[in-house]
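Subject: Structure handover

Hello,

Here is the structure I said I would pass on. Please open it next to this message; my notes on what was found follow below.

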Amino acid sequence: YPFGASVWLLAAASCIIDVKRGDAPPPTLLDAVIYISYFPVMLVGPIVKYRDSLELFRAPEMSLEKLARGAEYFMLGFVKIFAVTLPLFDILRSSFENIEMGFGLLAIVEFTVIINIGVYSAFSGYSDMASGVSLIWGIELPKNFVRPFTSASPFESVRAFMRTLYDYLRDYLFL
């Protein structure tokens, strides 16, 4: 719920800011509702700016190629959630239930690794599922989570981890 609410608030702010800046025309009530409540994005992103959504939602182009890629993205996200994230968090939970004092450092290392991989696979999995459903409908959302673990610096890693959120913050807060 908190992630969905935050994406909803970012979408509403994007709509207001883009119209105020003159980057996009004022939406009709139906356009605003479709943009703000588009449920695949509400899961956990990617964050789509209002001005960019005008083209995405106006004329979706459905094709067998997009259907196949969408199904592939959806299944990839499904695997990330159910084959990676949930088992990792089960391992973490069981290891902390049975922790002994001698293994405290090992538990901290395990916690760090599992949380990093688990959080990435959870966010990335839900984002892939949202992109997959949208692509099946002919709507190509921007790619989130662009290889964050291959980045050269922590700053690049954060930027790659949440690319659309980074772009949103850069465009609306910093520029």
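The secondary structure of the protein consists of eight helices and zero strands. Followed along the sequence, the pattern is therefore α-α-α-α-α-α-α-α, with helices and strands taken as DSSP runs. Please keep in mind that this is a predicted model.

Confidence

The mean pLDDT of the protein is 80, and 82% of the residues score at least 70. Which elements have the lowest and the highest mean pLDDT? Helix 3 (residues 39–44) has the lowest, at 65, and helix 5 (residues 64–97) has the highest, at 86. Where pLDDT is low, the predicted coordinates should not be read in detail.

Burial and contacts

The protein has 175 residues, and 37% of them are buried. Its exposed area is about 10500 Å², of which carbon and sulfur atoms supply 71%. Of the contacts between residues at least 6 apart in sequence, 73% join residues at least 24 apart.

Nonpolar cores

Which residues form the largest nonpolar core? There are eight: A11, A12, C15, A24, Y35, I36, Y50 and L54. Helix 1, helix 2 and helix 4 are the elements that give two or more residues to this core. Helix 1 provides the largest share, with three residues. A second, separate core has five residues, among them Y38, V48, I139 and L141.

A24, a member of the largest core, is a useful residue to click on. Leaving aside residues up to four places away in sequence, A24 touches D18, V19, Y50, R51 and L54. Of these contacts, Y50 and L54 also belong to the largest core, while D18 and R51 come up again in the next part.

Salt bridges

How many salt bridges does a search of the whole structure find? The search finds nine. Three of them are described here.

To begin with, the side chains of R51 and D18 form a salt bridge with an N to O distance of 3.1 Å. R51 is in helix 4 (residues 50–58) and D18 is in helix 1 (residues 2–21), so this pair ties together parts that are 33 residues apart in sequence. Is D18 buried or exposed? D18 has a relative accessible area of 0%, so it counts as buried. R51 is partly exposed, at 24% relative accessibility.

R51 also forms a salt bridge with the side chain of D23, at 3.4 Å from N to O. D23 is in the loop between helix 1 and helix 2 (29–37), so this pair with R51 of helix 4 ties together parts that are 28 residues apart in sequence. D23 is partly exposed, with a relative accessible area of 41%.

The remaining example pairs the side chains of D167 and R170, at 3.2 Å from N to O. Both residues are in helix 8 (residues 163–174); because they are three residues apart there, about one helical turn separates them. D167 has a relative accessible area of 18%, and it counts as buried because the limit is under 20%. R170 is partly exposed, at 28% relative accessibility.

These residues also belong to a wider arrangement. D18, D23, K49, R51, D167, R170 and D171 are linked in a network of salt bridges.

A nonpolar patch on the surface

Which residues form a nonpolar patch on the surface? They are M75, F78, F82 and L86, and together they have about 380 Å² of accessible area. M75 is found in helix 5, the element with the highest mean pLDDT. At 45% relative accessibility, M75 counts as partly exposed, because that class runs between 20% and 50%.

One more residue

S157 is in helix 7 (residues 154–161). S157 is partly exposed, with a relative accessible area of 22%. The C-alpha atoms of S157 and F145 are 9.5 Å apart, and the two residues are 12 residues apart along the chain.

If you want an order for looking through the model, the cores, the salt bridges and the patch can be taken in turn.

Regards

Notes
Residues numbered from 1 in each chain as written. Heavy atoms only, no water. pLDDT = per-residue confidence, 0-100. Helix = DSSP H or I, 4+ residues; strand = E, 2+ residues; numbered from the N terminus. Patch = residues over 30% accessible without salt bridge, like charges linked within 9 Å, V, L, I, M, F, W, Y side chains within 5 Å. Areas by Shrake-Rupley, 256 points an atom, 1.4 Å probe, with all protein chains shown as cover. Salt bridge = Lys/Arg side-chain N within 4 Å of Asp/Glu carboxyl O. Buried < 20%, exposed > 50% of the residue type's maximum accessible area, 1.4 Å probe, protein only. Core = buried A, V, L, I, M, F, W, Y, C linked by side-chain atoms within 4.5 Å. Contact = heavy atoms within 4.5 Å.
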